[in-house]
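Please open the model in your viewer and keep the sequence panel beside it. The tour below suggests what to select at each stop and then describes what is there.

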Amino acid sequence: MTAETAHAGAGDRLPPAIFALDAVTLARRLIGATLAVDGVGGRIVETEAYRRDDAASHSFRGKTPRNRAMFGPVGHAYVYRSYGIHWCLNVVCDAGEPGSAVLIRALEPLFGLDHMVQRRGLADPRRLCAGPGRLAQALGLDLSHDGLDLSRLPFRLTEGDGAPVPMPILVGARIGISKAAEQPWRFGLAGSRHLSRPFAKGEIASSGSETV
DNA sequence: GAATTGATGCGCT
DNA sequence: GCGCATCAATTCA
């Protein structure tokens, strides 16, 4: 294959309009996109949607000091501490009412592998960024990134390299929550070996090739 | 491979 | 105090 394999949007910044989508739509749309922090990152292979009217969302009970970024500009980061130990990264979005976000749960590591291994203390490529806490640690994220614009450095959030997501997108119940756990708002790249946990059989949502 | 448990900060009831 | 949008080590198989 030669130049024809290059997708027109490969490497381009994501259109800002997609951050005005509702969290569920954006969560699916981000599968296959590329995320990097200071040049360290990879392909997004797993996401979860959290909506304002969603009992599992931090924004459900309104704005607080911790979750204020969820009510700020769309396309910015919401970073919070989880279980007192880990950091987790969300992409703030909005479908007409503030307080929605997409949790980035797993990456396929592609850039800056040596940095990731050093920060994680483990070299196993399948566990390098497979989970929101692991991902944040590998990319060096912490509270200093909370509220930052994802379209500006040190972030880089772009269309995936190569073709639009060639594999089907999987959908299933979100992980690690007790409220609204029945909502099928977790999305993953089929066939990826870098998911935080496998999806159940039959959890195929779509080809993922449709445009937004 | 699957289940269990401890570590740990902080927002909330 | 309680409950987490978690992880790694440990235990069992």
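Which polar backbone atom lies 2.5 Å from a base oxygen of DNA strand B? To find out, select Y83 together with DNA strand B, for the backbone atom in question belongs to Y83. Please keep in mind throughout that this is a predicted model.

Next, select G84, where a backbone N or O atom lies 3.2 Å from a sugar or linking oxygen of DNA strand B. Then move to T64, which has a polar side-chain atom 3.5 Å from a phosphate oxygen of DNA strand B.

Now widen the selection to the residues around DNA strand B, namely R61, T64, R66, R81, Y83, G84 and I85. Of the atoms of DNA strand B that come within 4 Å of the protein, sugar and phosphate account for 54%. If you colour the surface near DNA strand B by residue class, you should find 3 charged, 2 polar and 2 nonpolar residues.

For the next stop, leave the DNA and select helix α3, which runs through residues 132–139. Is this helix mostly covered or mostly uncovered? Helix α3 is mostly covered, with 6 of its 8 residues buried, and the buried ones are P132, G133, L135, A136, A138 and L139.

To see what these buried residues pack against, add the strands β1 (34–37), β2 (40–50), β4 (86–93) and β5 (100–111), and also the helix α2 (113–120). Finally, step just past the end of α3 to G140, whose phi is positive, at about 75 degrees.

Conventions: Residues are numbered from 1 along each chain as its sequence is written. Chains are lettered from A and ligands numbered from 1 in the order in which they are written. This is a predicted model: local features need pLDDT of at least 70, side-chain atom pairs count only at pLDDT 80 or more; totals for chains, interfaces and linings use all residues. Side-chain values use heavy atoms; hydrogens and water are left out. Buried means under 20% relative accessible area, exposed over 50%, partly exposed in between (1.4 Å probe, protein chains only). Helices (H or I, at least four residues) and strands (E, at least two) are DSSP runs, numbered from the N terminus. Contact means heavy atoms within 4.5 Å. A residue is near a molecule or strand if one of its heavy atoms lies within 4 Å of it. A polar contact is a pair of N or O atoms within 3.5 Å; within protein, one must be able to donate a hydrogen and the other to accept it, and residues adjacent in sequence count only if both atoms are side-chain atoms. Ala, Val, Leu, Ile, Met, Phe, Trp, Tyr, Cys and Pro count as nonpolar, Asp, Glu, Lys and Arg as charged, and the others, Gly among them, as polar.
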